[in-house]
Structure formats: C-alpha cells, structure tokens
There are 2 protein chains.
Amino acid sequence: MEKKSKIILPCDEKCPVRASLTLLSGKWTLLILFQINKKVMRYGELKRAIPGISEKMLIQELNMLVENKLVNKKAYPEIPPKVEYTLTELGLKTLPIADKLAEFGSENLI
Amino acid sequence: MEKKSKIILPCDEKCPVRASLTLLSGKWTLLILFQINKKVMRYGELKRAIPGISEKMLIQELNMLVENKLVNKKAYPEIPPKVEYTLTELGLKTLPIADKLAEFGSENLI
DNA sequence: TAAAGTACCTACTAAATGGTTATAATAATT
DNA sequence: AATTATTATAACCATTTAGTAGGTACTTTA
C-alpha cells in the first residue's frame with residue numbers, strides 16, 4: 001500500500017506574494033499609486049482624483065509610500081503650500097499590478 | 001493671461017481598479033487565491049500552506065470567496081469531514097494579478 | 001469682512017482584523 | 001482507553017486600520 005502524501009510547500013516570510021502584500025495590500029495603496037501613475041500629482045489633485053478617501057488616509061498612505069521609496073515628494077517653500085508627488089523607479093514597477101487589477105475589474109466586475 | 005487647469009478625471013465607483021480592490025484588497029485574499037491556484041486544496045492543506053493565518057481568517061476569507069464566486073467548495077459528507085476548494089473560472093482570472101505581485105516581490109523585495 | 005484654497009496634523013470614534021478557547025462527531029492510530 | 005486528525009462554528013477580547021471632525025497658517029478672491 002502506497003502512501004499518497006501531497007507535498008505542500010508553505011509560503012513563509014520569503015514568499016514574494018506575501019512580501020508584496022505586506023507593502024501594498026491596503027485598501028487605498030495601489031489605487032493611489034495608479035492615480036499618480038506617470039504624472040506629477042499634487043496633494044489636492046489626488047484628493048479630487050480619489051473621491052471617498054479621507055484626508056488622513058491620503059496623507060498617511062503618501063507618507064508610508066514615501067518612506068518605502070515608492071513615491072517621491074517635492075515640497076515648494078511657498079504660500080500657499082505646493083507639494084508634488086511622483087512615482088519612483090520602484091513605484092513605477094507596481095503599475096503592472098494595478099493594470100492587472102484594472103483589467104480584471106473592467107472585464108468581470110463593471 | 002492663460003488659465004492652466006489640469007483636467008483630473010475622478011475615479012469613482014466605476015473605476016475598475018477600485019472595484020477590484022473592493023473585492024481583493026484584503027491582507028490574505030490574493031495570497032489564498034494564489035495558493036489554491038490550479039490545484040484542488042483542502043482546508044488543512046491551505047492552513048499549512050499559509051503559515052501565520054489564523055483559522056478564523058482562513059475560513060472567513062474562504063467563505064467570502066465562495067460567496068463572491070471566486071472559489072468553489074465541495075464538501076464530502078464524511079467523518080472526519082473533507083472539503084475541497086478550487087478556483088472558479090472567475091477566480092482563475094485573478095491569478096495574473098497574483099503573478100504580478102510575485103514578480104514585483106521577487107525582483108524588488110526579497 | 002468673509003469665504004475659499006493650500007497641505008497638512010491631532011484627537012477621537014468606528015470598523016476590520018487577529019487570537020484564543022470551546023464545541024461537534026467519528027475513524028484511525030498509539 | 002486515550003489521543004490525533006478532520007472541518008468547521010461561536011463567543012470573547014485585543015489590536016490594527018480606517019473614518020470623522022476640528023484646527024493651523026497664510027493668501028487670494030468675492
């Protein structure tokens with residue numbers, strides 16, 4: 001009698017999907033990256049581009065993304081203040097993920 | 001004097017990225033779909049495949065995925081119980097998203 | 001004189017997520 | 001005879017995440 005034991009390789013902390021999700025799995029994260037995209041976006045523009053997000057979440061996520069080097073922040077010492085956000089090289093590399101989300105959404109959900 | 005007004009198209013409830021994220025943005029969701037992949041996975045196998053997830057979250061997410069028709073559930077009326085999970089056609093269509101997450105993770109995070 | 005716009009920050013509340021323990025029923029293993 | 005394995009559900013509390021409301025400091029517009 002043979003033992004049929006299925007080999008399961010557990011996805012631990014080195015699993016690439018898990019690592020990506022640790023960084024990107026928030027409710028708003030990928031949407032913000034997608035909205036910035038290849039553009040230069042100011043804080044207020046992003047706020048208007050993403051109706052429904054609270055100012056707190058937007059600034060919190062932007063700060064997180066800057067910390068994790070997905071987004072560049074350029075502040076001008078002017079009054080009224082002017083701050084521009086762009087994607088870093090690393091941030092640009094998340095766009096294919098957002099593109100797949102967009103593809104799945106438009107083909108199956110909308 | 002010209003007015004430079006940048007046109008911003010707000011991403012509302014019909015934005016495909018948003019619609020996808022509403023369904024998939026959880027911390028574990030895409031990881032579970034990725035683990036099931038093209039296989040037939042039992043509850044216990046998934047539990048071992050995703051170390052760190054609590055039983056509660058796993059069953060909660062599986063129920064949600066079944067409800068949203070991304071996952072099929074086949075329960076055998078046996079004792080001890082045996083339940084098999086597979087991806088539906090719709091669920092299979094989320095795999096490209098997980099693949100991009102895996103790609104991003106292995107190239108930039110690991 | 002008042003309101004609107006700019007990019008935030010802080011305190012508080014609400015919701016989502018996570019963890020633990022207990023329960024079920026029965027076959028196979030120790 | 002007791003333990004382990006199986007797939008859940010339910011109750012409870014702790015923690016994390018998200019949302020709400022208000023304020024700051026200054027300028028321009030009405």
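Here are four short exercises with worked solutions on this predicted model.

**Exercise 1. The sheet of chain B**

Work out the strand order of the open three-stranded sheet in chain B, and find its edge strands.

*Solution.* Start with E2(B), residues 71-76, which runs antiparallel to E3(B) and is joined to it by six bridges. A hairpin of five residues links E2(B) to E3(B), and B:Tyr76 stands opposite B:Lys82 of E3(B).

Next, take E1(B), residues 41-42. This strand pairs with E3(B), residues 82-87, in the antiparallel sense over two bridges. One of the residues to look at here is B:Arg42, whose bridge partner in E3(B) is B:Glu84.

Put the pairs together and the order reads E1-E3-E2, with antiparallel pairing. E1 and E2 of chain B are the edge strands, as each pairs on one side only.

To finish, look for the helix that lies across E2 and E3 of chain B: this is H4(B), residues 55-67, and it runs at about 110° to E2(B).

**Exercise 2. Two helices from two chains**

Describe how H6(A) and H6(B) are oriented to each other, and what kinds of residue make their contact.

*Solution.* Begin with the geometry: the axes of H6(A) and H6(B), each covering residues 95-108, come within 9 Å and cross at roughly 175°. Angles over 145 degrees count as roughly antiparallel, and the two helices are therefore roughly antiparallel to each other.

Now list the contact residues. H6(A) contributes A:Pro96, A:Ile97, A:Lys100, A:Leu101 and A:Phe104, while H6(B) contributes B:Pro96, B:Ile97, B:Lys100, B:Leu101 and B:Phe104.

Sort them by type, and you get eight nonpolar residues, two charged and no polar ones. As for the spacing along each helix, an α-helix has 3.6 residues a turn, so residues three or four places apart point the same way.

**Exercise 3. A helix in its surroundings**

Decide whether H1(A), residues 16-24, is largely enclosed or not, and name the helices its buried residues pack against.

*Solution.* First, pick out the buried residues: A:Val17, A:Arg18, A:Ala19, A:Ser20, A:Leu21, A:Leu23 and A:Leu24. That is seven of the nine residues, so H1(A) is largely enclosed by the rest of the structure.

Then follow the packing. Within chain A, the partners are H2, H4 and H6; from chain B, H2 and H6 join them.

**Exercise 4. The nonpolar core**

Find the residues with the most contacts inside the largest nonpolar core.

*Solution.* The core has 59 residues, and the ones with the most contacts inside it are Leu24, Ile32 and Ile36 of chain A and Leu24, Ile32 and Ile36 of chain B.

Take A:Ile32 as a worked case: leaving aside residues up to four places away in sequence, A:Ile32 touches A:Ile50, A:Ile53, A:Leu58, A:Glu61, A:Leu62 and A:Leu65.

Conventions. Residues numbered from 1 in each chain as written. Chains lettered and ligands numbered in written order. Predicted model: local features only at pLDDT ≥ 70, side-chain atom pairs only at ≥ 80, totals over all residues. Heavy atoms only, no water. Pairing = 2+ DSSP bridges. Helix = DSSP H or I, 4+ residues; strand = E, 2+ residues; numbered from the N terminus. Axes fitted to C-alpha atoms, helices over the stretch in contact; angles between N-to-C directions. Parallel < 35°, antiparallel > 145°, perpendicular 65-115°, else oblique. Contact = heavy atoms within 4.5 Å. Nonpolar A, V, L, I, M, F, W, Y, C, P; charged D, E, K, R; others polar. Core = buried A, V, L, I, M, F, W, Y, C linked by side-chain atoms within 4.5 Å. Buried < 20%, exposed > 50% of the residue type's maximum accessible area, 1.4 Å probe, protein only.
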